[in-house]
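Dear colleague,

I am passing a structure on to you, and since it will be new to you, I have written down what was found in it. Please look at the sequence and the structure before reading on.

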Amino acid sequence: MSCIDDVVDPVVHYAPVEFLVREAAQRWERDEAHALRRAVFCIEQGLFVGDDRDAIDERAQLLVAMSCIGGMPDQVVGTVRIHQASPGVWWGSRLAVHAAFRSQGHLGATLIRLAVTRAHAQGAHTFMAHVQAQNEALFHKLHWRTTGTLAIHGRPHVEMQPDFAHYPPCHDPVSGFVSRARSRA
């Protein structure tokens, strides 16, 4: 028997233990974020045909959650965009987390936190989002309040606003936040 016969699975699989959530800093991060949005909003949810990009993307800041291997960003697994609609009034939109990572590391919550704290650091006195109705409870847990209901692309949404007291300004968008993966035990 050779040594190679003792190897059952020569491929080593690593599960990320941490995620870096920050403003997209490199081209590949932006490209993967847009690909993730297409996968979630066009393919999975069927909200858009072909692409979900619009005029807001031209002026929005793109935030990403990346899985890390050996401490280095490896893959974009979540994204959200923020933009200033008028002086002091900011909006968050297109929050998406890869299906395989939705139960890991509180990625949606961390993206939401970075979105609000970045806008707050840039002078926001108001931050708004149109949230799909099934996600309203998550936002309530994160100190948001519902201000109205509406339908967007034929789906129920709620208009929501965060309590800024729970979102101190984040002045360093490239460092962002680190989120740890949930224990698999």
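**Pockets and aromatic rings**

Strand β4 gives the most to the lining of the largest pocket, with 7 residues. Please keep in mind throughout that this is a predicted model.

The largest pocket holds about 900 Å³ of space, and its lining is made up of 41 residues, of which F41, R94, L95, A96 and N135 lie nearest the centre. Two or more lining residues come from each of the elements α1 (27–44), β3 (72–86), β4 (89–97), α2 (107–121), β5 (126–132), α3 (136–141) and β6 (144–152). By residue type, the lining of this pocket divides into 23 nonpolar, 12 polar and 6 charged residues.

The second largest pocket holds about 160 Å³ of space, and 13 residues line it, with R30, H34, D57, A60 and L62 the closest to its centre. Here the elements that give two or more residues to the lining are α1 and β2 (61–69), and α1 gives the most, with 5 residues. The lining of the second largest pocket divides into 3 nonpolar, 2 polar and 8 charged residues.

Turning to the aromatic side chains, the structure holds 3 aromatic pairs. One of them is formed by F19 and F101, which meet edge-to-face, with 6.0 Å from centre to centre and 85° between the planes. Because F19 lies in strand β1 (residues 18–23) and F101 in the loop between β4 and α2, this pair ties together parts that are 82 residues apart in sequence. As for accessibility, F19 and F101 are both buried.

How are the rings of F139 and W144 placed with respect to each other? Their centres are 4.9 Å apart and their planes stand at 90°, so this pair is edge-to-face, the cut-off for that class being an angle over 60 degrees. Both F139 and W144 are buried, and ring pairs link these two residues with F127 into a cluster.

There is also a charged group placed over a ring, for R113 lies over the face of F177, at 3.6 Å from the ring centre.

If you would like a place to begin in the viewer, you might start at the largest pocket, around F41, R94, L95, A96 and N135, which lie nearest its centre, and then go on to the cluster of F127, F139 and W144, which is linked by ring pairs.

With kind regards

Notes: Residues are numbered from 1 along each chain as its sequence is written. This is a predicted model: local features need pLDDT of at least 70, side-chain atom pairs count only at pLDDT 80 or more; totals for chains, interfaces and linings use all residues. Side-chain values use heavy atoms; hydrogens and water are left out. On a 1 Å grid over the protein atoms alone, a cavity is a set of points where a 1.4 Å probe fits but cannot get out, and a pocket is an open set with protein on both sides within 12 Å along at least five of seven lines; lining residues have an atom within 4 Å of a point. Grid points are joined across faces, edges and corners, and a volume is the space filled by probe spheres set on the points. Helices (H or I, at least four residues) and strands (E, at least two) are DSSP runs, numbered from the N terminus. Ala, Val, Leu, Ile, Met, Phe, Trp, Tyr, Cys and Pro count as nonpolar, Asp, Glu, Lys and Arg as charged, and the others, Gly among them, as polar. Rings of Phe, Tyr and Trp (its six-membered ring) pair if their centres lie within 6.5 Å; planes under 30 degrees apart count as stacked, over 60 as edge-to-face and the rest as tilted. Buried means under 20% relative accessible area, exposed over 50%, partly exposed in between (1.4 Å probe, protein chains only). A charge sits over a ring if NZ of Lys or CZ of Arg is within 6 Å of the ring centre and within 35 degrees of the ring normal.
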